[in-house]
Amino acid sequence: MKKQKSPLSIKILFWLSTISFWLMSIITVVVIVENAIILFGNYSHEFQMIINLPVPIEVVETGVLHLDNGDFNVKIENAYGRLRFVDAPMFVTKKVIQLVLFFILIGWFITWKFRNFMKNIKNGRYFEIANINNLKHISYGLVMLYVTTRVYMGIMKNVVEKSLEFSSVTVGGDMYDTDVIIYAALMLWVLAHIFVKGIELKQEQELTI
């Protein structure tokens, strides 16, 4: 029987997922090596480091908006930014790079599972339990990403934010909204559960017949 060709869109998604997987693999190896060098290299000097702040910065900056042949006075009252450590102490560097590695490993796991899912789709293995389980595993990875993100943001808000002091701005407020990650995870898990149940019912009907 002649093998059915995959649609072009499936092939494109497969190759994009493959490229993403190998890029993430390279990044993962690089971060692992950096962790090993920093953790076991007995470094004594300090590092330049930039980390994202999960809360807004309260500023009052006046500007001018040029629109429709007119000038309008505007103000920026809240902004998000990054915190640069000019000379990051080693204990901060170690904690941050370990957290980055954990994020990267989660990203690698998700891209690996998505590549496996697209590979099976490309080969015509649409509704097999082993393939649908890839969606479940992706949802688990997204849950881990969500939990890790919330923990990081909580630490930044309750520890770092309280210790920051600037002369002209105030740091504080509500944290980033990351609920879209958990919504995506739940949606994938529900879809995977529905597909698996459908496959099991079909197999039961075939056995009965």
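A residue is called partly exposed when its relative accessible area falls between the limit for buried, under 20%, and the limit for exposed, over 50%. In this predicted model, Glu128 has a relative accessible area of 32% and is therefore partly exposed. Arg125, at 33% relative accessibility, likewise counts as partly exposed. Side chains of opposite charge can pair when their charged atoms come close. Such a pairing is found here between the side chains of Arg125 and Glu128, which meet in a salt bridge with a distance of 3.0 Å from N to O. A search of the whole structure finds 1 salt bridge.

Arg115, which is placed in helix H2, a helix made of residues 90–122, presents another situation. This residue is buried and yet has no salt bridge, since the nearest side chain of opposite charge, that of Glu128, is 15 Å away, whereas a salt bridge requires a side-chain nitrogen of Lys or Arg within 4 Å of a carboxyl oxygen of Asp or Glu. When neighbours within four places in sequence are left aside, the residues in contact with Arg115 are Ser17, Thr18, Phe21 and Trp22.

Helix H4 covers residues 179–208, and its 30 residues, at 1.5 Å a residue, should span 44 Å; the C-alpha atoms at its ends are 44 Å apart, so the expected and the computed values agree. The buried residues of this helix are Ile181, Ile182, Ala185, Ala192, Val196 and Ile199.

Helix H4 also takes part in a nonpolar surface patch of about 880 Å², to which Tyr126, Phe127, Tyr140, Met187, Trp189, Val190, Leu191, Ile194 and Phe195 belong. With 6 residues, H4 gives the most to this patch. One of the patch residues, Phe195, lies in helix H4 and, at 32% relative accessibility, counts as partly exposed. Trp189, which also has its place in helix H4, is partly exposed as well, with a relative accessible area of 35%.

The surroundings of Trp189 include residues from elsewhere in the sequence. Not counting residues up to four places away in sequence, Trp189 touches Lys136, Ser139 and Tyr140, and of these Tyr140 is itself listed in the nonpolar patch. Trp189 and Asn134, although 55 residues apart in sequence, are 10.0 Å apart in space when taken from C-alpha to C-alpha.

How values were computed. Residues are numbered from 1 along each chain as its sequence is written. This is a predicted model: local features need pLDDT of at least 70, side-chain atom pairs count only at pLDDT 80 or more; totals for chains, interfaces and linings use all residues. Side-chain values use heavy atoms; hydrogens and water are left out. Helices (H or I, at least four residues) and strands (E, at least two) are DSSP runs, numbered from the N terminus. Buried means under 20% relative accessible area, exposed over 50%, partly exposed in between (1.4 Å probe, protein chains only). Lys and Arg count as positive and Asp and Glu as negative; His and the chain ends are not counted. Contact means heavy atoms within 4.5 Å. The expected span of a helix is 1.5 Å times one less than its number of residues. Patches are made of residues with over 30% relative accessible area and no salt bridge: like charges are joined within 9 Å, nonpolar side chains (Val, Leu, Ile, Met, Phe, Trp, Tyr) within 5 Å. Accessible areas come from the Shrake-Rupley method with a 1.4 Å probe; for residues, only the protein chains shown count as cover.
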